[in-house]
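Q: I would like a close look at a single part of this model. Please keep to the interior space and what surrounds it.

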Amino acid sequence: QDLSLPNGTPVDTSSPASSSSLLNRLQLDDDLDGETRDLFVTVDDPKKHVCTMETYIMYRVTTKTTRAEFDLPEYSVRRRYQDFDWLRNKLEESQPTHLIPPLPEKFVVKGVVDRFSEEFVETRRKALDKFLKRITDHPVLSFNEHFNVFLTAKDLNAYKKQGMALLSKMGESVKYVTGGYKLRNRPLEFAAIGEYLDTFSLKLGTIDRIAQRIIKEQLEYLVELREYGPVYSTWGGLEVELSEPLEGVSACIGNCCTALEELSEDMTEDFLPVLREYILYSESMKNVLKKRDQVQAEYEAKLEAVALKKEDRPKVPTDVEKCQDRVECFNADLKADMERWQNNKRQDFRQLLMGMADKNIQYYEKCLTAWESIIPLLQDKPETK
């Protein structure tokens, strides 16, 4: 049976002593949740569309489901980035008590000027695919009507125009509810969440900056190696007796170049995007926490207003009770989403770090094999008579 890394990369297990093959014996028990899923969504097949006014990328969104809310078992629609952005905004408006997964930033790859390059488009495709999968796995967001429309509507623009007036009013009401009040004291459990998110995003930001510097230095080293190797080939052309070992060294350096290039690509395409996603994720969680604080502040203000009133009006206590219900709803949803987010984070980073460890082991094993291969060429050979 072929073994593979957590990210799906196959591993050569011909050598039982290989360190990288040992890592693959570990199983991610967290992935074996045993749940029966009834909704599967994938993002693939990006295509460039050139219009008179603009040029953009359209992605294919394929849905397979057995849910009764869907008229068909399978859908395939085309969506662009701004459609995903529309979906996220609508989820925030209609589900203010829940954590909405982050979208990739408008320009997710630093140093990439061409947003239509293959690397940029593929990085974005992966991020958009993960964005939809996060929503699909959520027990509440996956049943949202806007999500259903996003997955099924052939003409999403028509739906946007049709529901714009109503949805804008909903957005205004949410802003009204969450504004105009100031919280006196945040409960300890939510204060702890806020402190954790601040520290978490700070640490991830530091790791992200250092990782980018490491990749930059690796690429600079790669440029030097590519110039370094051919020098030995040129030298070998001038030294007949040394031509074979010198050509061997040149080939060895070339193999090391290839291994380093693969390692840098893995860090750029697999490691950095996960860091950035979770930095954005922590910001999304902070926003939900702020909304919760505003609702609690409103509740506290209404309680004070009731206490100051001399006469007892039935309408006011009812209003206070409704506000209390919103606070409790926020508390329950936020704590549930925080727990789910922590579980996902633990699985994602465990897989990410195991993959990074394995990629580094593979890199050094390839370099070791390359250098060991030229040792026989450098050893003294007995002279033939």
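How much space lies in the largest cavity?

A: This is a predicted model. The largest cavity holds about 50 Å³ of space. A search of the whole structure finds two cavities of 30 Å³ or more.

Now the lining. Arg-88, Glu-92, Pro-96, His-98 and Ile-100 are among the residues around the largest cavity. Ser-284, Asn-287, Val-288 and Lys-291 also line this cavity. By class, the lining is evenly split: three nonpolar, three polar and three charged residues.

Two helices each give at least two residues to the lining: H2 (81-94) and H8. H8 supplies the largest share, four residues.

Next, the cores that share elements or residues with this lining. H8 spans 243-308 and also supplies at least two residues of the largest nonpolar core, as do H7 (188-238) and H9 (315-373). H8 gives the most to this core, with 13 residues. The core has 30 residues in total. Tyr-278 is one of the members that touch the most others, and so are Phe-271, Leu-334 and Trp-341.

Tyr-278 merits a closer look. Leaving out residues up to four places away in sequence, its contacts include Phe-200, Leu-204, Trp-341 and Phe-349. Arg-134, Asn-344, Lys-345 and Asp-348 also touch Tyr-278.

A second, separate core has 28 residues. Ile-100 belongs to this second core, along with Val-43, Leu-132 and Ile-135. Ile-100 is also one of the residues lining the largest cavity.

Notes
Residues numbered from 1 in each chain as written. Predicted model: local features only at pLDDT ≥ 70, side-chain atom pairs only at ≥ 80, totals over all residues. Heavy atoms only, no water. Core = buried A, V, L, I, M, F, W, Y, C linked by side-chain atoms within 4.5 Å. Buried < 20%, exposed > 50% of the residue type's maximum accessible area, 1.4 Å probe, protein only. Contact = heavy atoms within 4.5 Å. 1 Å grid on protein atoms, 1.4 Å probe; cavity = no way out; pocket = protein on both sides within 12 Å on 5 of 7 lines; lining within 4 Å. Points joined across faces, edges and corners; volume = space filled by probe spheres on them. Nonpolar A, V, L, I, M, F, W, Y, C, P; charged D, E, K, R; others polar.
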